[in-house]
Amino acid sequence: MHIVLPNAFDLAPTLQHGQNRKRNPRITSADHVLSLIHAKILSERVVDLPVQFSQMGQRLSEPVITQLMTSALADPEMLSLAAGFTDNSWLPKALVGKAAARLTSDTSDPETLQYGTNQGRHSLRKAICCLVSSHAGEDATRFHPEQVFLTQGSQQALYLAMQVLCDPGDIVLVEEPTYFVFMEMLAGLGIEARAIPYSSKTGIDFEKFGDLIDVLQSEGDWNRVSAVYLESYFSNPSSRSLSTEAKVGLAECLQARGCLLPIIEDAAYRDLYYQTPWPAESTLSMPAFSGFPVLYLGTFDKPFASGLKSGFGICNHKEWISNMLHAKGHQDFGSSNFVQALLEDIVDTEDYGIYVSGLRTHYESKAALVQEVLEAEGLTRKGWRWENPSGGLYFWLEGPEELDTSIGSDFCEACLANKVLYVPGDLCFAGRQPRNCVRLSFGVLLGDRLEEAVRRFARTAKAFSE
Ligand SMILES: Cc1ncc(COP(=O)(O)O)c(C=O)c1O
C-alpha cells in the first residue's frame, strides 16, 4: 500500500521551538508533537470506502476497559482504580531474567525460539497438573497433561470455549455480578448472558435458579442454553468465592432437571489468596460434577507476570478439548513457545513458590490500606457497604440504592473531574441492573497514590450520598 507521509512543512509550525511553541499553548511536550504526527499519518492513511462487515464485525464496539485505560493514560493526574493490572513494583524481573539467560545461553537448545506445538509444551502441562492438583481437596487422578492446553492468557481459552460451544442467539448462565470483559465478549459473539440468582447466604439462590431453569424450559429457550460460567475463587469483580455447598447445589439443581451443561470454571485469582487458600476443590475434582463436561481455566498472568500473557485450560471432555484445539490451530497454531519454556523453567522451583507467597502478602497489605482509607473516610455511615476481600485484587462496593454510578452518570463525571477512575458495577450484571455498585481495583497503584486514589473516590462518594 502506498503511504503518504505528512509533508514536513505542514508540521513545521508545530515542530518549531521558541516563539512558535510559546504562541501555541497546545504544544507542551515532545509526546504531543509525536501524537500530532501520528494523527496526521493516520488521517492520510484512512481509506474511506464502505466495507461490508460480518454480523460479528457489525456487533463489535470498543470495550469499556479500553476507554477507561485510554483516559487513564491520557491524563497523568488521573489515578486509576479501574484496570485490573498487576503491580509493576512486584513483577518478577529477576526470576524471568535468569530463566531467559539460561534458555539463551551458548549451550542451550535453540528449540525454545522455534514454533512450539498447538497444545503447548508437555512438561509445562505436567507442571500445571501438579500445581492445580496440589490445592487441598483436589483429586490428582483427574488431572492429565493430555487434558491441558496453553493459551495466550486465560482470556483466549475463554474465547475458544465460547467459539466452539455457542452460536449467536445462545445463552450462557453467569453469576451476578460477573467478569465484565467476558460479558462484552459474549455481546460481541451475539451470545446472551442470563444471571444465576445470587444469595448472600448460600452464594446461589437455588430456589430462584430452579425457577429460572423451569421458565427457560417451559418457554422453549432451554435448547439455547450452552454453558455455565463460574468464577469460584476471589472473583472479579466481587472477590467472592463459591463454597463447596454452593457448587454441589448448582450441580444438583442442573442434574435434577437432566441438564448436564458444560461448566466453565474460571480460577484466575485462585492463587492470590492472602492467608489461606479457598477450601473448595474445583469442579474438575468434585464428584457432584463427574457427569458434566468441565473446563477449568487458570493463568500465570495474575499470580506471576501479566506481560507473559500465559494461561491454560484443563478440560475433562475429549471432543470439547479437540474442538478448542482445532479453533486454536486456526487462530495461532500454538502460544509462545519461549514464554512456555520460561514458565516451565520457573514454576516447579522453590523460587516460584516463594515469589507467589510474597506477592500474596503484598496484595494483602494493599487491600488493608484500601480498607483503612474507606473506613477512615466514614463511607459506611453514608450507606456504602462492602466485604473486605481475603484474596484477589478487587473491592466491590454497594452504594446507597438510589445512587447511579454508571458511565455518564453525574457520579461518574464527578469522579473523572476529581481524577479517579473506577469500574461501574452495572457492567458486571446480566439481568437486573443495579446501578449503585462499583469495582475498585488496587492491583497497580502503590502506597501514597493508592491511598490518594481511594480517598478521592471516597470523598466523591460521600458528596453524592448526603
Ligand atoms: C476473571 C478473569 N478471567 C480471566 C481473565 C483473563 O486474564 P488473562 O488472559 O490475563 O489470563 C481475567 C483478567 O482480568 C479475569 O479477571
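**Exercise 1. Is Tyr363 buried or exposed, and why?**

*Solution.* Start with the cut-offs: a residue is buried if 20 or more other C-beta atoms lie within 10 Å of its own, exposed if 12 or fewer, and partly exposed in between, with C-beta atoms placed from the backbone. Tyr363 has 25 other C-beta atoms within 10 Å, so Tyr363 is buried.

Before going on, two notes on the model. It is a predicted one, in which local features need pLDDT of at least 70 and side-chain atom pairs count only at pLDDT 80 or more, while totals for chains, interfaces and linings use all residues. Residues are numbered from 1 along each chain as its sequence is written.

**Exercise 2. Find the contacts of Tyr363, leaving aside its neighbours within four places in sequence.**

*Solution.* Two residues are in contact if their C-beta atoms, placed from the backbone, lie within 7 Å. With those neighbours left aside, Tyr363 touches Leu272, Tyr274 and Leu393 in this sense. Now look at Trp90: Tyr363 and Trp90 are 273 residues apart in sequence, and their C-alpha atoms are 9.9 Å apart in space.

**Exercise 3. Check the length of helix 14 and describe its buried side chains' surroundings by element.**

*Solution.* Helices (H or I, at least four residues) and strands (E, at least two) are DSSP runs, numbered from the N terminus. Helix 14 covers residues 350–376 and holds Tyr363.

- Step 1: the expected span is 1.5 Å times one less than the number of residues. For the 27 residues of helix 14 that gives 39 Å, and the end C-alpha atoms are 39 Å apart, which agrees.
- Step 2: list the buried residues of helix 14, namely Tyr352, Leu359, Tyr363, Ala367, Val370 and Leu374.
- Step 3: look for what covers them; this includes helix 13 (337–347), strand 12 (394–398), strand 15 (437–441) and helix 16 (447–463).
- Step 4: step just past helix 14, where Gly378 takes a positive phi of about 70°.

**Exercise 4. Which strands pair with strand 15?**

*Solution.* Two strands pair if DSSP finds at least two bridges between them. Strand 12 and strand 15 are antiparallel and share five bridges; here Leu397 has Val438 as its bridge partner. Strand 14 (residues 423–424) is also antiparallel to strand 15, with two bridges, and Pro424 stands opposite Val438. Next, check burial: five of the five residues of strand 15 are buried. Cys437, Arg439 and Ser441 point one way, and Val438 and Leu440 the other way.

**Exercise 5. Examine strand 2 in the same manner.**

*Solution.* Strand 2 (residues 148–151) has both faces covered, with Val148 and Leu150 buried on one side and Phe149 and Thr151 on the other. Four bridges join strand 2 to strand 10 (residues 311–315), and the two run antiparallel. Within this pairing, Phe149 is the bridge partner of Gly313.

**Exercise 6. Describe the shell around the ligand.**

*Solution.* A residue belongs near the ligand if its C-beta atom, placed from the backbone, lies within 6 Å of it. The shell has 13 residues, the closest being Gly153, Gln155, Asn236, Thr299 and Asp301. Helix 8 (residues 153–165) gives the largest share, three residues.

**Exercise 7. Sum up the whole protein chain.**

*Solution.* Count the elements: 16 helices and 15 strands. The radius of gyration (over C-alpha atoms) is 24 Å, close to the 23 Å from the globule rule (2.2 Å times the number of residues to the power 0.38) for 466 residues, so the chain is as compact as a globular protein of that length. Finally, 39% of the 466 residues count as buried.
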